Amino acid sequence: MARCHELKLLGTWMSPYVIRVRLALSLKALSYEYVEQDIRDKSELLVVSNPVHKKVPVLIHAGKPVCESQIIVQYLDEAFAGAARLLPSDPYERAVARFWAAYIDDELVIMEVCDEMQFASRFRAMGEAKEEEKAEAAEKVFDALETLEEAMKACSSKGKKEEEEAAAAFFGGDSAGYVDVALGGFLGWLKATEALSGVSFLDGARTPLLAAWAARFAALDATKEAIPSVERLCEFHAAMSAAAEVAGN
């Protein structure tokens, strides 16, 4: 990795938004110092670096803080343009990539860790919910994933003749890019939610391109360390659920 000692990332290991930034740093081969934060007892550095929201992730570059995951990824791509580019060079394609990244944040909210360390998830009560409620919650996710499947299909057909059927490896084409990073931040939680709910969201029959994408993205050397294991995420979910139950009694 490139030596970039002036880069420091404040985060929490389970946050999909922090994972997103770690993916970008890894794909661009940038070294950095990672500082784990306890959001129940926020460090002075976090509060000073992000005085408005006081949330992670925060990237500190040469002493200057940058906040919000999508903004951080874009900043990294501009500040370290010599490394692997994540955003397309074409202005229109950059706008399209930003649109899909915003769509992912708006429509595929898997989890959020709040200031009080409460675990809030669209699927939090899926295991205990009635079957019709469980199906309704799952269908919202399927709708978002099917829309992303069409986006992946558009990537596959870009610049190809009608007779060519080869699918694009990533949303960014032959290499992972901005949209891959945006969605990849949620990949671990999506798989953990499958394990917790018993619902297969990355369905090879329903969204074959997306299911294949997920396997390819997770297998990249640059992503393996950034994405937590399903087991660790499920353990975290169990711990937070237990804590919430105790707090409610």
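**Lys-54 and Ala-29, two loop residues of the predicted model.** A residue counts as partly exposed when its relative accessible area lies between the limits for buried, under 20%, and exposed, over 50%. Lys-54 has a relative accessible area of 31% and is therefore partly exposed; this residue sits in the loop that runs between helix H2 and strand E3, and its phi is positive, at about 55 degrees, although Lys-54 is not a glycine. Ala-29 belongs to the loop between helix H1 and strand E2 (33–36), and with a relative accessibility of 30% Ala-29 likewise counts as partly exposed. Its phi is also positive, at about 55 degrees, although Ala-29 is not a glycine. As background to this view and to the two that follow, most residues other than glycine have a negative phi, and most peptide bonds are trans. The model is a predicted one throughout.

**The cis peptide bond that precedes Pro-57.** The bond leading from Val-56 to Pro-57 is cis, and its omega is near 0 degrees. Pro-57 is found in the loop between helix H2 (44–49) and strand E3, which is also the loop that holds Lys-54.

**The hairpin formed by strands E3 and E4.** Strand E3 (residues 58–61) pairs with strand E4 (residues 64–67) in the antiparallel sense, and the pairing extends over four bridges. Within this pairing, Leu-59 has Val-66 of E4 as its bridge partner. Two residues lie between the strands of the hairpin, where Ala-62 takes a positive phi near 55 degrees.

**Arg-20 of helix H1 and its surroundings.** Arg-20 is part of helix H1, which comprises residues 16–27. Because its relative accessibility is 1%, Arg-20 counts as buried. The side chain of Arg-20 makes a polar contact, at 2.7 Å, with the side chain of Asp-105. When residues up to four places away in sequence are left aside, the residues that Arg-20 touches include Ser-69, Gln-70 and Val-73, as well as Ile-104 and Asp-105, and, further along the sequence, Val-181, Ala-182, Gly-185 and Phe-186.

**Helix H4, its two sides and its N-terminal cap.** Helix H4 is made of 17 residues (residues 91–107), which at 1.5 Å a residue should span 24 Å, and the C-alpha atoms at its ends are 24 Å apart, so the expected and modelled spans agree. The buried residues of H4 are Ala-97, Trp-100, Ala-101, Tyr-103 and Ile-104. These buried residues cover an arc of only 155 degrees around the axis, which means that they fall on the same side of H4. Exposed residues on the other side of the helix are Pro-91, Tyr-92, Phe-99 and Asp-106. At the N-terminal end, H4 is capped by Asp-90, one of whose side-chain oxygens lies 3.1 Å from the backbone nitrogen of Tyr-92. Ile-104, listed here among the buried residues of H4, is also one of the residues that Arg-20 touches in the preceding view.

**The protein from which the close-up views are taken.** The secondary structure comprises 10 helices and six strands, and 45% of the 249 residues in the protein are buried. Among the contacts with a separation of 6 or more, 68% are made between residues 24 or more positions apart. The accessible surface comes to about 12,600 Å², and carbon and sulfur atoms account for 51% of that surface.

Notes: Residues numbered from 1 in each chain as written. Predicted model: local features only at pLDDT ≥ 70, side-chain atom pairs only at ≥ 80, totals over all residues. Heavy atoms only, no water. Buried < 20%, exposed > 50% of the residue type's maximum accessible area, 1.4 Å probe, protein only. Polar contact = N/O pair within 3.5 Å; in protein donor to acceptor, adjacent residues only side chain to side chain. Contact = heavy atoms within 4.5 Å. Expected span 1.5 Å × (residues − 1). Arc of directions from axis to C-beta. Areas by Shrake-Rupley, 256 points an atom, 1.4 Å probe, with all protein chains shown as cover. Pairing = 2+ DSSP bridges.
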